[in-house]
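Ready for a walk through a protein? Open your viewer, keep the selection tool handy, and follow along one stop after another.

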Amino acid sequence: MHIMIIGGAGMLGQKLASAILANGEPLTTGCKKLTLVDIVEPDVALIKSGSICEGIEIETITGDFSDGLRLSQIASERPDVIYHLAAVVSGEAEANFDKGYEANVKASWGLLEALRAEHEASLGGYCPRVVFSSSLAVYGPPFPDVVGEEFYLRPASCYGTQKAMVELLVSDYSRRGFIDGISVRLPTIVVRPGRPNAAASSFLSSIIREPLKGEKTILPVSPSSVVWVSSPKVTIENFVRTGLLSAKETAETRVMNLPGLKVSVGEMIDGLKEVGGSELAELIVPETDEVVSKIVLSWPSQFVTERAVQLGLIGDVDFVSIVRQHVEETSAQ
Ligand SMILES: NC(=O)c1ccc[n+]([C@@H]2O[C@H](COP(=O)([O-])OP(=O)(O)OC[C@H]3O[C@@H](n4cnc5c(N)ncnc54)[C@H](O)[C@@H]3O)[C@@H](O)[C@H]2O)c1
C-alpha cells in the first residue's frame, strides 16, 4: 500500500506520518511507501524518531501542491490512500481572501481533477481513498445547542466556506466513482505543540502550552466561551481508522463529524491548574480580540457524532487527560 499525506509537514501531517511508521499501527501492516507532500520540507528525521519503519520507503515532495506539474506527479504515483491535510488556516484565509481560495479550493479541486485523469487513464482501475480534513467551521450561527448530523451548512468564514466547497467536491467525485473519498470534520485540536499558528483558534492551545513553559499568553475571549476540541493523539487515531474504512462504509458516509469534547475556556484553565499548579493561570492575560472572538464564537460547541462512533471512531475522555498527554509528549522530546 502507498500512503500519501498532502500537508505532511504540518502539525497533524507529521503526527499522522509518525503513527503510520510506528510499529503495530494497523495501516503499517500493508504500507510499503509513505509520501509526504508540503510546501515546507517535512522533517523526516523527526517523523521517524521512535519508529521502526521497517520496509517502508519514505519519499518527500516539496513545493506548492497546486502547481500543475506537481499535481500530475502526485496523481501519477497512484497512491492508494491520500490524506489531504494541506490548508491555509482560518485566520489567514479570512485575512487573505485570494490566498485562501487559491490553496483551499482551487488547489483541492486541481488535486481531484488530477486523480480523475489518472482514474480515466487506468480505464477506471485506479480509485484512491481520499481522506479530506474538513472542519466544524462549515457550520455557522444560528445553530442549536447540539448540532445534528443533518444540520445544514452556513459557514461564517472564508475558511468554513472553502472547507464546505471541497466536501461537496469530494462527495461528487466519489459519487462519480473517480475516487473513494470521505471528509472528516475535525474539532479544534488542542494542545498543538510548537508555536502559535494563524488559526483563529490558536489561543486554545497557547493558553495551555505557554503557561506550562512558564510563558505569558493572551486570552482573547471570555472564559465562559464553550468550544469543541480533540487531542492530537485521538485525532490521529481517527485518521488512521478512517483510512481503513471499507468502501461500503465510506459510500454510506462521505462526510462526518469527528467525536470531540465540549469544554469551556474556564474549564480548560482549570485543567491546566490541576496538571501544572494554580499559579500557571496567572500567566494567562485577558485581552479581548473582537476578530478572534467573532470567528471562534461562530462555531458550534457540541455535535452529534453518531455516524463516526458507529464506524469505530473515538473521543477524548476529559480535558485534564488532554493536558497530561501534552505534558508527557513534550517531556519525552
Ligand atoms: N488543527 C486544528 O485545530 C484543525 C481543526 C480543524 C481542521 N483542521 C484541518 O486539518 C488540516 C491539518 O491541520 P494542521 O493543524 O496540521 O495544519 P498545519 O497548518 O500545521 O498544516 C498544514 C500544512 O499544509 C501545508 N500547505 C498549505 N498550503 C500548501 C500548499 N499550497 N502546498 C503544499 N503544502 C501546503 C502547510 O505548509 C502546512 O505544513 C488542515 O486542513 C486544517 O484545516 C485542523
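**Stop 1: two helices side by side**

Helices H6 and H7 run roughly parallel to each other, a label that applies because their angle is under 35 degrees (over 145 counts as roughly antiparallel, 65 to 115 as roughly perpendicular and the rest as oblique). Before you select them, know that this is a predicted model, in which local features need pLDDT of at least 70 and side-chain atom pairs count only at pLDDT 80 or more, while totals for chains, interfaces and linings use all residues. Residues are numbered from 1 along each chain as its sequence is written.

Helices (H or I, at least four residues) and strands (E, at least two) are DSSP runs, numbered from the N terminus. Select H7 at residues 158–175: its axis and that of H6 come within 10 Å and cross at roughly 10°. Axes here are lines fitted to C-alpha atoms, for helices over the stretch in contact, with angles from 0 to 180 degrees between N-to-C directions. On the H6 side, show Phe97, Tyr101, Trp109 and Arg116, among others; on the H7 side, the partners include Tyr159, Met165 and Tyr173. Contact means that C-beta atoms, placed from the backbone, lie within 7 Å. This contact holds 11 nonpolar residues, four polar and one charged. In that count, Ala, Val, Leu, Ile, Met, Phe, Trp, Tyr, Cys and Pro are nonpolar, Asp, Glu, Lys and Arg are charged, and the others, Gly among them, are polar.

**Stop 2: H4 against H6**

Keep H6 (residues 97–121) and add H4 (residues 68–76): their axes come within 9 Å and cross at roughly 50°. That makes H4 oblique to H6. The contact includes Leu71 and Ile74 of H4, and Leu111 and Leu115 of H6. Its residues divide into seven nonpolar, three polar and one charged.

Just past H4, select Arg78, in the loop between H4 and strand S4 (81–84). Arg78 is not a glycine, yet its phi is positive, about 45°. Most residues other than glycine have a negative phi, and most peptide bonds are trans.

**Stop 3: around the ligand**

Which residues come nearest to the ligand? Of the 26 around it, they are Gly7, Gly10, Leu12, Ala87 and Ser133. A residue is near if its C-beta atom, placed from the backbone, lies within 6 Å. Helix H1 (11–21), H6, strand S5 (129–135) and strand S7 (188–189) each give two or more residues to this shell. The largest share, three residues, comes from H1. Colour the shell by type and you will find 15 nonpolar residues, nine polar and two charged.

**Stop 4: two cis peptide bonds**

Zoom in on Pro141 and Pro142, which are joined by a cis peptide bond with omega about 0°. Pro142 sits in the loop between S5 and H7. Now go to Val190 and Val191, where the peptide bond is also cis, with omega near 5°. Val191 lies in the loop between S7 and helix H8 (203–212).

**Stop 5: H11 and H14**

Select H11 (residues 265–276) and H14 (residues 319–332), which pack at about 50° with axes 9 Å apart. That makes H11 oblique to H14. Met268 and Leu272 are among the H11 residues that meet H14, where Phe319 and Val323 are among the partners. This contact has seven nonpolar residues, one polar and three charged.

**Last stop: zoom out**

Show the whole chain, with its 14 helices and 12 strands. Its C-alpha atoms fill a box of roughly 60 × 45 × 40 Å along the principal axes.

Notes: Contact = placed C-beta atoms within 7 Å.
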